[in-house]
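Here is a short walk through one model. Keep the sequence and the 3D view side by side as you read.

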Amino acid sequence: TGSSRPQLADPAPASLPLRAPAATPAPPAPRTASEPAPASFPRPARSPQPAPILTRVAVLVSTLQDAGELWVQLPAGEYFELVNEVWDALDRIFTSHGGRHGKHPGEGMVCHFVPRPGGSYLWSALEAAHQAREAMRQISSRWQARKDWDFELCMNTGVDEGQEWLGPLRRVEPPELTVVGAAADHAAQLSRTARAGAVWITRNLVGQLAPEERSRLAFGVPR
């Protein structure tokens, strides 16, 4: 008998473990911010803005003489102390005569005097200018004694009168009024021209004074 060769069966393919496809990671949950919502602050209530009016008005402009030289001579603290002392003294005088503050571009003050019952707005402006000059003499004497100097502190003043528009140009509290017209320009020019604490007024203002007021006023052109 012939010997038969054994039949070798093909090996079964190895079964490799199958890997499941990697799962796509889930996106992270959105983080919730715990910051509080911004607080809403109510806007402060503003008083109604006065409407401009066309009125007779006396404009007083008073400027500190040689303010630049004072700044050079005084330490900053003393300079501001002096200017605030001047402003406080003159503010009491001007407001006591019915003056209403306006805007001044430098070391000075602007006040407006309008007609009111029981008094002359023109004479009120002139009395305020005269009393301010006397107050400045007292302030100057105190600072001369304090600093041992002969520097004379002066506020040079110009006053004019006219029918002008009076009203606020910007929203501030309290309202800051401005006169737009020739009277304000003339008063500012006179204030810049005057020296040694002089009070300069226009011929127009003198002509508007009542006869009894004009008789009490000493005025003229310096020569």
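**From one threonine outward**

Thr157 touches Leu60, Val61, Ser62, Ala129, Ser191, Ala194, Ala198, Val199 and Trp200, leaving out residues up to four places away in sequence. The model is predicted. Thr157 sits in strand S4, which runs over residues 155-168. Its relative accessible area is 3%, so Thr157 is buried, since buried means under 20%. One neighbour stands out for its chemistry: the side chains of Thr157 and Ser62 make a polar contact at 3.1 Å.

Ser191, one of the residues Thr157 touches, leads to helix H4. Ser191 is among the buried residues of H4, with Ala183, Ala184, Ala187 and Leu190. These buried residues cover an arc of only 130 degrees around the axis, so they lie on the same side of H4. An α-helix has 3.6 residues a turn, so residues three or four places apart point the same way. The buried residues of H4 pack against strands S1 (53-64), S4, S5 (177-180) and S6 (199-201). The length of H4 fits too: its 12 residues should span 16 Å at 1.5 Å a residue, and the end C-alpha atoms are 16 Å apart.

Now turn to the cores. The largest nonpolar core has 36 residues, and Leu70, Leu82, Leu90, Phe94, Phe113, Ile139 and Leu153 have the most contacts inside it. Two or more residues come from each of S1, H1 (67-73), H2 (76-96), S3 (108-113), H3 (121-147) and S4. H3 gives the most, with 12 residues. Another core, of 11 residues, lies apart from this one; Val59, Val61, Ala184 and Ala187 are among its members.

Conventions: Residues numbered from 1 in each chain as written. Predicted model: local features only at pLDDT ≥ 70, side-chain atom pairs only at ≥ 80, totals over all residues. Heavy atoms only, no water. Helix = DSSP H or I, 4+ residues; strand = E, 2+ residues; numbered from the N terminus. Buried < 20%, exposed > 50% of the residue type's maximum accessible area, 1.4 Å probe, protein only. Polar contact = N/O pair within 3.5 Å; in protein donor to acceptor, adjacent residues only side chain to side chain. Contact = heavy atoms within 4.5 Å. Expected span 1.5 Å × (residues − 1). Arc of directions from axis to C-beta. Core = buried A, V, L, I, M, F, W, Y, C linked by side-chain atoms within 4.5 Å.
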